[in-house]
Structure formats: C-alpha cells, structure tokens
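Subject: Structure handover

Hello,

Please find the structure below. My notes on it come after.

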Amino acid sequence: MLTVHHLGISQSERIVWLCEELGLDYELKRYDRRVDNRLAPDKYKALHPMGIAPVITDGDLVLGESGAICDYLVAKHGNGKLVPGVDDPDFADHLFWFHWSNGTFMTTLMMQLAVTFAGGDPAAGFVGDRARICWDMIEKRLGEVPFFGGRNLTTADIMMVYCLTTARAFRNASIDPFPNVKAYLARIGERPAYRAAMARAEPGMEPVLD
C-alpha cells in the first residue's frame, strides 16, 4: 500500500497533490510540527535517515526527496501522465524547471531565511541578487506558457507550486509585483486535484495562492 507521510506545512504537500493528479489509491498519514521549534516530530524523523519531509512508503520501500518521489510515482503509476515524452518540444524545459525548483530556487529561498535568522537583510548582497534573478525568470516563464512544464501541467509544476505558495507562509512574501505568477496560481487553484490535495494535507488552511 502506498502511504504518503505528510509533515504539516511542508514540501510533502507536493506528493499529496501528485497522487491526486494521478488518481492514485494511497493512504495519507499527517504529522503535526512540534510546538517548541516547529520542526518535525521524532516519529516523522524516524521514517528516513534524513529525518525531513517528504517520505513515502510503498510496501518495503521507504523513499525520500521530492524529485525522487515524483519520478518514482510517475514511472510506476503515471502511464505517460505529467511528464512530456523525449520527442515533445516541452521535454527539455520541463526537465529544467523540475530540477531548478529545489536545485536553485528553493535553495535561494532557504539562504534568504538563513540570512534573516542571522539578523541580515535577505534582499541585499549575493542572496538578494540571486533571489531577484529567480523571480524574474519565473515571471517571464509564466508570461510565455501556461505552465512551467510548457503547454500542460507536469511534475515541474508539482515541484514549483509549493515554493510559490505554502513556502511563503514562513516568509510573508508578497507576489503582488508578479502578475503572471498570480494568474498562474489562480489557474492552479481551480484544479480539482489541487483543491482535494490541499484539503487533505492542510485541513482548515486556505491555500496561499495570492
């Protein structure tokens, strides 16, 4: 039985959404964050050596990392959905945004958080410049195509949306300067699978779409 172990307000919402988009039969186990430090509880950390979200179990398999889980579920259950074929003109762009999400964008957001916690200005210096480049790239991309993956929703979007939505709950960041991002998130918010996933993953919390 496929089980998604979801840590509240975390990247593992991606996997819940992916399962809903694929129409998978899965069990959702939700874990609340600790009250004292807002980190994962010991029970969640014990699931995987890294001790962080997301984690799935599928029979005897225990798998972490958002991208790895996306690739695993699509390869095993996708039947060609959510990943363009190698001859599709969107294939390379899909790959770029899929890997760029955590490889560059999420890393930059985490560096900004670290600078903030250290008492610095997250909009200044190398980190601030890098963040501005990231947001400019995102806004430009979403002005050219309806989805990060191109013509259709792909796992690149599954990866990117968390960075643009729930991750902002930790930073109170506004997307008002980015009309293409706002329009994109409005489209995502209309997807039945996304609404169903967020209702299961974060009951009582409105998705951070604007």
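The notes below cover the strands, the unusual backbone positions and the salt bridges.

The model is predicted, so local features need pLDDT of at least 70 and side-chain atom pairs count only at pLDDT 80 or more, while totals for chains, interfaces and linings use all residues. Residues are numbered from 1 along each chain as its sequence is written, and side-chain values use heavy atoms, with hydrogens and water left out.

Strands

Helices (H or I, at least four residues) and strands (E, at least two) are DSSP runs, numbered from the N terminus. Two strands count as paired if DSSP finds at least two bridges between them.

A good place to start is strand E3, residues 55–58. E3 runs antiparallel to strand E1 (residues 2–7), and four bridges join the two. Within this pairing, Val55 of E3 is the bridge partner of His5. E3 also pairs with strand E4 (residues 61–64), again in the antiparallel sense and over four bridges. Here Thr57 stands opposite Val62 of E4. E3 and E4 form a hairpin with two residues between the strands, where Gly59 takes a positive phi near 65°.

In a regular strand the side chains alternate between the two faces of the sheet. In E3, Val55 and Thr57 are on one side, and Ile56 and Asp58 are on the other. Are these residues buried or exposed? All four are buried, and both faces of E3 are thereby covered. Buried means under 20% relative accessible area, exposed means over 50%, and partly exposed lies in between (1.4 Å probe, protein chains only).

Backbone positions

A cis peptide bond, with omega about 5°, joins Ala53 and Pro54. Pro54 is found in the loop between helix H2 (42–45) and E3.

Which residues have a positive phi although they are not glycines? One is Ile9, at about 50°, and another is Arg38, at about 65°. Ile9 has its place in the loop between E1 and helix H1 (13–22), and its relative accessible area of 21% makes it partly exposed. Arg38 lies in the loop between strand E2 (27–31) and H2. With 44% relative accessibility, Arg38 is also partly exposed.

Salt bridges

Side chains of opposite charge can pair when their charged atoms come close. A salt bridge here is a side-chain nitrogen of Lys or Arg within 4 Å of a carboxyl oxygen of Asp or Glu. The structure holds twelve of them; three are described here, as follows.

- Arg200 and Glu20 form a salt bridge whose closest N and O atoms are 3.8 Å apart. This pair links distant parts of the chain, with Arg200 in helix H8 (residues 192–201) and Glu20 in helix H1, 180 residues apart. Arg200 is partly exposed at 36% relative accessibility, and Glu20 is partly exposed at 23%.
- Arg30 and Asp32 form a salt bridge with the closest N and O atoms 2.5 Å apart. Arg30 is partly exposed at 33%, whereas Asp32 is exposed at 55%.
- Asp36 and Arg34 form a salt bridge with the closest N and O atoms 2.6 Å apart. Asp36 is exposed, with a relative accessible area of 59%, and Arg34 is partly exposed at 28%. Elsewhere, salt bridges that share partners join Arg30, Asp32 and Glu202 into one network.

Regards
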